[in-house]
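Please look over the chain below. The report goes through its annotated domain, its cores, a helix, a loop residue and two sheets.

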Amino acid sequence: MNNHLSHSHLLKQFSYINGRWHSNSSLGELAITNPANGELIAKVANAGANEACLAVESAKEAYREWSKVPAGQRSLLLRKWFDLMMSHQEALGQLLTLEQGKPLSEAKGEIAYGASFIEWFAEEAKRVYGDTIPAPSADKRLVVIKQAVGVVTAITPWNFPNAMIARKAAAALAAGCTFVVKPAAQTPLSALAMAELADQAGIPAGVFNVVVGTDHESIGKVLTQHPAVAKFTFTGSTAVGKKLISQCAESVKKVSMELGGNAPFIVFEDADLDAAVAGAIASKYRNAGQTCVCTNRILVQQSVADSFTQKYVNAVRQLKMGDGFNSHVNIGPMISQEACDGVHQLVETSIEMGAKLLMGGENNHSGFYPPTVLTAVSNDMPIARSEIFGPVSPIIQFDTEERAVAIANDTEYGLAAYFYARDIGRIWRVSEALEFGMVGINEGIISNAAAPFGGMKASGSGREGSKYGLDDYLEIKYLCMGGI
């Protein structure tokens with residue numbers, strides 16, 4: 001059943017709460033299956049609200065000591081966690097491919113990407129600086145310090161089951177917070193493996209907790225409404241994010257949200273078309289298009305549209321679909337057949353509205369959806385308005401720079417955008433005009449630990465990674481000293 005897993009001790013089947021594996025559950029077991037073939041990987045104890053409360057209360061208790069641990073010591077523990085993640089990169093990648101489906105090379109890349117945030121924040125933990133402010137009178141001194149917010153809770157998605165946790169937890173722990181995460185029910189094994197390595201690294205009991213369960217509503221209410229929780233962070237859809245924000249509002253919790261995306265990929269007539277094709281392929285088809293920052297709409301200037309489209313279709317035809325453990329595969333399965341059906345419905349609706357299918361577009365009910373390219377798409381079609389979250393490329397033509405920017409910004413989302421151009425004036429104008437939190441210029445892969453990850457508008461609030469990434473896990477406290 002687990003022939004692909006080289007380190008079976010990383011395969012855990014219970015929630016990790018207060019430094020131990022919590023086997024007590026009244027909700028039975030959760031079957032975790034391989035999306036490539038439907039085979040059972042493991043059965044995990046199905047936790048609920050009681051376990052979530054226990055995790056939060058354990059995190060509250062652990063916070064008393066963890067928040068007092070010197071930053072240098074927290075840094076060393078995070079560094080040990082990073083080292084263990086990288087020394088187990090192969091095994092963690094195998095586990096990720098088993099439960100999520102992405103090609104093994106991509107999965108191992110995600111492990112390195114996630115670990116890079118742990119390494120980054122291990123270093124940033126020692127760089128939380130305060131300020132002194134010139135006082136209004138000679139007998140006063142004004143000082144600003146930064147302190148951890150407290151207990152942090154999180155809900156993370158299935159598309160990056162390691163990295164989405166790592167970049168939240170690393171910042172929280174570096175700041176001196178304790179952490180409780182509910183991973184996606186489809187992909188909890190990567191989170192539990194991270195907990196095992198956190199334990200091996202010596203991170204104290206109660207500091208990092210993982211609650212696995214399918215009672216999303218009840219667990220979600222605990223994580224957003226428990227009085228011991230100071231901050232809640234979520235990565236997922238905008239619709240769910242809005243509901244969770246409203247739940248947090250009742251007790252005025254600090255929140256950060258990384259929500260939906262609808263990334264435009266603009267190709268101007270002065271672009272290097274070969275580079276643009278390569279960038280679009282990398283951005284669009286990574287993780288079978290199941291990425292919040294992946295290209296959602298390709299906008300091409302009319303004068304180069306035919307040339308770009310031909311080059312692009314030729315490149316897409318080279319992609320190989322199959323089981324992620326096959327070394328030649330570029331695209332694995334989608335997370336479920338239901339996901340395939342949703343993507344296929346968008347494709348069919350677009351064709352009914354006048355889009356032309358150049359390749360792909362077949363739903364064979366295998367859990368896989370083929371790389372698909374559509375032309376003659378307009379920005380009012382559902383496939384251009386929705387977050388596709390699948391391996392489909394809708395191509396839209398435009399005439400002027402102003403029109404390209406208008407089409408790109410005509411969405412409620414504002415997470416990531418990409419464009420290819422050579423004219424330096426155009427590069428500055430378009431970069432500033434795009435209403436997105438991240439912009440890739442002549443580059444299709446933009447995420448890294450040193451850069452601030454986050455969006456505008458309905459794509460959320462807050463930033464993850466970079467020197468700004470600790471801000472959402474810290475409170476600014478002003479001290480006014482009189483009688484000096």
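## Domain

UniProt, in an unreviewed entry, places the feature "domain: Aldehyde dehydrogenase" at residues 21-478. The model shown here is predicted. Within it, the span 21-478 is 40% helix and 21% strand. The C-alpha atoms at the two ends of this span lie 41 Å apart.

## Nonpolar cores

In soluble globular proteins, nonpolar side chains tend to be buried together. Here the largest nonpolar core has 105 residues. Those with the most contacts inside it are W81, L173, F179, F208, V210, F308 and Y312. Helix α5 gives the most to this core, with 11 residues. Apart from it lies another core, of 30 residues. V343, Y369, F398 and L434 are among its members.

Y312 has a broad list of partners, leaving out residues up to four places away in sequence. It touches V277, A280, I281, K284 and Y285, and also I298, V373, S393 and I395.

## Helix α5

Helix α5 covers residues 163-175. Does its length fit the expected rise, and what is the span? At 1.5 Å a residue, its 13 residues should span 18 Å. The end C-alpha atoms are 18 Å apart, so the model agrees with the expectation.

The helix is mostly covered, with 13 of its 13 residues buried. Just after α5 comes G176, which takes a positive phi of about 105 degrees.

## Loop residue V149

V149 sits in the loop between β6 (141-148) and β7 (151-155). Is V149 buried or exposed? Its relative accessibility is 13%. Buried means under 20%, so V149 counts as buried.

Leaving out residues up to four places away in sequence, V149 touches Y63, C177, A230, K231 and K254. Its contacts also include D472, Y473, L474 and E475. L84 is 65 residues from V149 in sequence, and their C-alpha atoms are 27 Å apart in space.

## Three-stranded sheet

One open sheet has three strands, in the order β5-β6-β22, with antiparallel pairing. The edges are β5 (131-133) and β22 (474-481). Each has a single partner strand, so one side of each is left without a neighbour in the sheet. On average, neighbouring strands are turned by 25 degrees against each other, direction ignored.

How many bridges join β6 to β22? There are eight, and the two strands run antiparallel. V143 stands opposite L479 in β22.

## Seven-stranded sheet

Another open sheet has seven strands and mixed pairing. Its order is β14-β15-β16-β13-β12-β18-β19. The edge strands, β14 (356-359) and β19 (438-441), each pair on one side only. Neighbouring strands in this sheet are turned by 25 degrees against each other on average, direction ignored.

Strand β13 (residues 295-301) and strand β16 (residues 392-398) run parallel, joined by four bridges. Q301 stands opposite F398 in β16. F398 is also one of the residues of the 30-residue core.

Helix α10 (residues 302-316) packs on this sheet. It touches β12 (263-267), β13, β14, β15 (372-375) and β16. The direction of α10 makes about 135 degrees with that of β13.

Definitions and conventions. Residues are numbered from 1 along each chain as its sequence is written. This is a predicted model: local features need pLDDT of at least 70, side-chain atom pairs count only at pLDDT 80 or more; totals for chains, interfaces and linings use all residues. Side-chain values use heavy atoms; hydrogens and water are left out. UniProt positions are given in the numbering used here, feature names are shortened, and annotations may be inferred rather than shown by experiment. The expected span of a helix is 1.5 Å times one less than its number of residues. Buried means under 20% relative accessible area, exposed over 50%, partly exposed in between (1.4 Å probe, protein chains only). A nonpolar core is a set of buried Ala, Val, Leu, Ile, Met, Phe, Trp, Tyr and Cys residues joined through side-chain atoms within 4.5 Å. Contact means heavy atoms within 4.5 Å. Two strands pair if DSSP finds at least two bridges between them. Axes are lines fitted to C-alpha atoms, for helices over the stretch in contact, and angles run from 0 to 180 degrees between N-to-C directions.
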